[in-house]
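Grab a coffee and open the viewer: here are a few short exercises, each with a worked solution. Try each task yourself before reading on.

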Amino acid sequence: MTPAPAAVRWLASVESTQDAVHALAEQGAPEGTAVAALEQTSGRGSRRRDWSSPPGGLWMSVLLRPLRDSGMQVLGLRAGLAIVHALDRLGARGLMLKWPNDIMALEKKAGGILCEARWNGDRPAWVAVGIGLNLRNELPDELRGSSARLADHGVSVALEPLAQHIADALVQAARATGPLSEAELAALARRDWLLDRQLASPEEGRAIGIQPDGALRVRRADGSLALVRAAPVEAAARVTLTE
């Protein structure tokens, strides 16, 4: 059954769309409730890092209510795939995914995803999926060398239809359960920004793909395999393979 369209609520300014969605979830808001803001004053990314959120970008959180915990560990990757596929349909060119939660345009970061779950015992009560996408917003001086804007990579749609497309795609993606499927793994491999790059941390070695459970596979110099499940990744150069 196709999920109902997401209901996106727009605010001029908010401290954090994540906090707003958590508050609505506590009040019983249904899955697909979304909060988008023209700006955030205390936006956050992974590991609670500050997230610059000035006017011109898409700052939004979407409420999901998984029926069980199967697939929770790969929800962020499924969300990433859903977002880049939605952006493709809106004209985006060459977007990639950097494990575990970044959207890349060439060598620069264009957006990020933050999944925060609240639990009822051992079952998920809800998940707030935060999305930050640079669209036409001004980039801070300190981020211009490492950040990209989607408007410079083919996305010309206005903020409101962009938010609706992204929110609907996330609600649809949340229907999947269990480990990543073969089709999902193949789609991730085509978008894998880290693939064949040399990593400096948290494991030194070459990134060689993603497992069905969402772990990043790293081939060490001695040939052994490391599995990275939850850690910031520092990438060096892409490896050129020869016969």
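**Exercise 1. Work out how helices α2 and α4 are oriented to each other.**

Here's the result to aim for: in this predicted model, α2 and α4 are roughly perpendicular to each other.

Step 1. Start with the axes: α2 and α4 pack at an angle of about 65 degrees, and their axes are 11 Å apart.

Step 2. Check that angle against the cut-off: 65 to 115 degrees counts as roughly perpendicular, so the α2 and α4 pair gets that label.

Step 3. Add the handedness: the crossing of α2 past α4 is left-handed.

Step 4. Look at who makes the contact. From α2 come Leu 77, Arg 78, Leu 81, Val 84, His 85 and Asp 88, while α4 supplies Glu 184, Ala 187, Leu 188 and Arg 191.

Step 5. Sort them by class: the contact of α2 with α4 has five nonpolar, one polar and four charged residues.

**Exercise 2. Take Arg 191 and decide: buried or exposed?**

Step 1. Place the residue: Arg 191 sits in helix α4, which covers residues 182-191.

Step 2. Read its relative accessible area, which is 13%.

Step 3. Compare with the cut-off. Buried means under 20%, so Arg 191 is buried.

Step 4. See what surrounds the side chain. Leaving out residues up to four places away in sequence, Arg 191 touches Leu 81, Val 84, His 85, Asp 88, Leu 95, Met 96 and Leu 97.

Step 5. Tie this back to the helix pair: Leu 81, Val 84, His 85 and Asp 88 are among the α2 residues in the contact with α4.

**Exercise 3. Trace the sheet and say which strands are at its edges.**

Step 1. Walk across the open sheet of seven strands: the order is β1-β2-β3-β7-β6-β5-β4, and the pairing is mixed.

Step 2. Find the strands that pair on one side only: these edge strands are β1 (7-14) and β4 (95-98).

Step 3. Check the twist: on average, neighbouring strands are turned by 20 degrees against each other, direction ignored.

Step 4. Zoom in on one pair. β2 (residues 33-40) and β3 (residues 58-64) run antiparallel and share four bridges. Val 35 has Ser 61 in β3 as its bridge partner.

Step 5. Put α2 back in the picture. This helix, residues 75-89, lies across β3, β4, β5 (102-105), β6 (108-120) and β7 (123-133), and runs at about 135 degrees to β6.

**Exercise 4. Find where the cis peptide bonds to Pro 100 and Pro 202 sit.**

Step 1. Take Trp 99 and Pro 100: the bond joining them is cis, with omega about 0 degrees. Pro 100 is in the loop between β4 and β5.

Step 2. Move on to Ser 201 and Pro 202, where the peptide bond is also cis and omega is near 5 degrees. Pro 202 belongs to the loop between β8 (197-201) and β9 (205-210).

**Exercise 5. Leu 106 and Asp 196 are both non-glycine residues with positive phi; classify each as buried or exposed.**

Step 1. For Leu 106, phi is near 55 degrees, and the residue lies in the loop between β5 and β6. Its relative accessibility is 60%, so Leu 106 is exposed.

Step 2. For Asp 196, phi is near 70 degrees, and the residue is in the loop between α4 and β8. Its relative accessibility is 19%, so Asp 196 counts as buried.

Definitions and conventions:
Residues are numbered from 1 along each chain as its sequence is written. This is a predicted model: local features need pLDDT of at least 70, side-chain atom pairs count only at pLDDT 80 or more; totals for chains, interfaces and linings use all residues. Side-chain values use heavy atoms; hydrogens and water are left out. Helices (H or I, at least four residues) and strands (E, at least two) are DSSP runs, numbered from the N terminus. Buried means under 20% relative accessible area, exposed over 50%, partly exposed in between (1.4 Å probe, protein chains only). Contact means heavy atoms within 4.5 Å. Two strands pair if DSSP finds at least two bridges between them. Axes are lines fitted to C-alpha atoms, for helices over the stretch in contact, and angles run from 0 to 180 degrees between N-to-C directions. Angles under 35 degrees count as roughly parallel, over 145 as roughly antiparallel, 65 to 115 as roughly perpendicular and the rest as oblique. A crossing is left-handed if the near helix is turned anticlockwise from the far one by less than a right angle, and right-handed if clockwise. Ala, Val, Leu, Ile, Met, Phe, Trp, Tyr, Cys and Pro count as nonpolar, Asp, Glu, Lys and Arg as charged, and the others, Gly among them, as polar.
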